[in-house]
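Student: I am new to this structure and should be grateful for a close look at one single part of it. Please explain that part in detail, and then show what lies around it.

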Amino acid sequence: MSRRLLASTLALAAVPLVALLAQAPAAGQTPSSATKATTGEKAWTPPRTVDGKPDLQGIWSNNTLTPFERPKSLGAKEFYTDQELADLTKRVREGSQGEEVEGAELGAANPQAVRYDLELYGFDRGKVRYTSKRTSLVVGPEGVVPPMLPEARARNAARAAELKGHEFDSHEQRSLSERCILLNQVRIPMTPGANEGNLLQIVQGSGYVSLLHETDHNTRVIPTDGRPHVPQSIRQLQGDSVGHWEGNTFVVDTTNFTNRTAYRGSSDKLHLVERFTRTADDTLIYQFTVEDPTTWAKPWTAEVSWTKNKGPVYEWACHEGNTMIATILRGARVEEEAAQKKGK
Amino acid sequence: MRNWLSDSVIAGVTVAVVLMLAAMSGHAQAPAYRAPRTADGKPNLNGIWQALNTANWDLQGHAAGKGPVPSLGAAFAVPPGLGVVEGDEIPYLPAAVAKKKSNQASWTTLDPEVKCYLPGVPRATYLPHPFQIVQSQQNILINYEYADAVRIINMGAPTKAPGDSWMGWSNGRWEGETLVVDVTSLMENTWFDRAGNFHSDALHVVERYTPRSADTLNYEATIEDPKVFSRPWKISMPLYRRAEKNATLLEYKCVEFAEELMYGPLRKKSSN
């Protein structure tokens, strides 16, 4: 498995990733990788930290138009041609509001309330782009998440049934994201959110790689000293991550999840392997493989091409400003009271 | 001639004595410990650290006391402590004294820690939780176990904050063995401790992290806030390395532990 992963990482690195962007005149910032990929055959040498490790540091954004799963009409087509991608990009950028473009996940580029720098967060429809030629983030001939096992479907259905009719009983029935406990955008594996806050800052110290997600200041400080996972008795919403270097790739293995942090319906048996490979000064390939024998018959892999970003990373204090939970619950109580009065 | 000679001898002796005294006093102020270096030659502060004191209960010296929840008995009583404030006096402006007192009287409802809010600086340092320093050339990241709070200390040319925040904006520099961090743009919403010590949005903190042995740092913070205090004042304390094998920060997302307090009254009445 890991051999196949490595091979596909290398294959992707060799592909002229963002070449189409160089062709699109509307592209505000043409990544230098595009130029390199089209002009030179010289292999890019990743910079090193003072400790001699591949230097992944900087601020990265995973904003992309590439959809998570492949549109059915594309069948087994895993990559677009340069021309196809250029045409698609043009359609999305020029598209009228609300237009659905098959093969594009507009995400933050959909019209919504504006916070600050439009371009920075992918709000600006004129600047959105595909960050790779992939037709979907999920890799392989299928390009979709494998079907869920019957036992997993039953498990998730039972949980949904239990919640039904009680969604507003108390804070405990609301989602972890709504409660500012674990926001959807920062859940691992990290997938592009249809929202702002896709920034990740990487800081490397001796023996550790730290990943700071702008969204809700979610931070993982990952040891690279070969230590084992914490005891299985310790379960955490973000699991327990340990890392190591494989050539130029930072590999992170995460287990010890809870059963409250289902990723696409997974259980606490979730085993996640993330691989970070910098392929150009402004490009970092984030690949992850999800394994959970109680949810899917086989592991599956997705890959997101991240782009260097100028930042800065803002402080995102979700809980401190969370008036939503109280408002939702108060609303539910008011409605109940009104219904009761009406009934009398 | 003779006079000139004796004059110069006296002058020489004086210089020597002054130099000796200077060396001695210098020695008394800062033990000449030289920390191990990172690959780029800076004192290596990487590691998991924790304060071992009662500053989070009260920055000033205090005797032991009963805990805030009678039903918990002695299990959560207030531990005594010598205090961490230089001179043990916090120089509140007369107008601010009353607020400190009322804060203290109602701390169980007013202290931002009770609601798991971000702790601010310097409180993050001496909360009863470990924190981890990840040191690179350009940035130093500090991740605190409490609430997964985090700061990035910019080690490059100083930058200006884009806006006020709970954890502030940190610019750092090296002064010999010491990491000096200038923290600005802090919101007024954080406190210094459970004793109601507070500040305004004019708070300016200068932190100094100085290695004093392989497994201890000295932490100093100079606190300046002309809206609340009549002069700058200083706290200092040792920080200890968490030296356990495989020491690690664990998840302490405390929002969940504050929810019943914050949202419990909005629960559906148990009619069914």
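Tutor: The account below begins with the sheet of chain A and then turns to its surroundings and to the other chain.

This is a predicted model, in which local features need pLDDT of at least 70 and side-chain atom pairs count only at pLDDT 80 or more, while totals for chains, interfaces and linings use all residues. Residues are numbered from 1 along each chain as its sequence is written, and chains are lettered from A and ligands numbered from 1 in the order in which they are written. The model scores ipTM 0.87 and pTM 0.86.

Chain A contains 6 helices and 9 strands; helices (H or I, at least four residues) and strands (E, at least two) are DSSP runs, numbered from the N terminus. An open sheet of 9 strands in chain A has the order 4-3-2-1-9-8-7-6-5, with antiparallel pairing. Two strands are said to pair if DSSP finds at least two bridges between them. Strand 4 and strand 5 of chain A are the edge strands, and each pairs on one side only. From one strand to the next, the twist averages 25 degrees; axes for such angles are lines fitted to C-alpha atoms, for helices over the stretch in contact, and the angles run from 0 to 180 degrees between N-to-C directions.

Two of the pairings may be followed residue by residue. Strand 8 (residues 283-291) and strand 9 (residues 300-308) of chain A run antiparallel and are joined by 8 bridges. There, A:Thr289 has A:Thr301 of strand 9 as its bridge partner. At one edge of the sheet, strand 5 (residues 240-246) pairs with strand 6 (residues 249-255) of chain A in the antiparallel sense over 7 bridges. A:His244 stands opposite A:Val251 in strand 6 of chain A. These strands form a hairpin with 2 residues between them, and in it A:Gly247 takes a positive phi near 60 degrees.

A loop residue serves to introduce the surroundings of the sheet. A:Leu137 is found in the loop between helix 4 (82-94) and helix 5 of chain A. A residue is buried if 20 or more other C-beta atoms lie within 10 Å of its own, exposed if 12 or fewer, and partly exposed in between, with C-beta atoms placed from the backbone. A:Leu137 has 26 C-beta neighbours inside 10 Å, and therefore it counts as buried. Residues are in contact if their C-beta atoms, placed from the backbone, lie within 7 Å. Setting aside neighbours within four places in sequence, the contacts of A:Leu137 are A:Thr66, A:Phe68, A:Thr191, A:Ala302, A:Glu303 and A:Val304. From A:Leu137 to A:Arg70 the separation is 67 residues in sequence and 7.8 Å in space, C-alpha to C-alpha.

Helix 5 (residues 150-163) of chain A has 14 residues and reaches 20 Å from its first C-alpha to its last, close to the 20 Å expected at 1.5 Å a residue; the expected span is 1.5 Å times one less than the number of residues. Of these 14 residues the number buried is 1, so helix 5 of chain A lies largely in the open. After helix 5 of chain A comes A:Gly165, whose phi is positive, near 85 degrees. Over the whole of chain A, buried residues make up 41% of the 344 residues.

The sheet also takes part in the meeting of the two chains. In total, 42 residues of chain A are in contact with 37 residues of chain B. Strand 2 (199-205), strand 3 (208-213), strand 4 (218-223) and helix 6 (324-343) of chain A are the elements that give two or more residues to this side of chain A. Helix 6 of chain A gives the most, with 6 residues. The residues on this side of chain A comprise 18 nonpolar, 15 polar and 9 charged, where Ala, Val, Leu, Ile, Met, Phe, Trp, Tyr, Cys and Pro count as nonpolar, Asp, Glu, Lys and Arg as charged, and the others, Gly among them, as polar.

Chain B has paired strands as well. Strand 2 (residues 131-135) of chain B pairs in the antiparallel sense with strand 3 (residues 139-144) of chain B over 5 bridges, and B:Ile133 stands opposite B:Ile142. Strand 2 of chain B is mostly covered, with 5 of its 5 residues buried.
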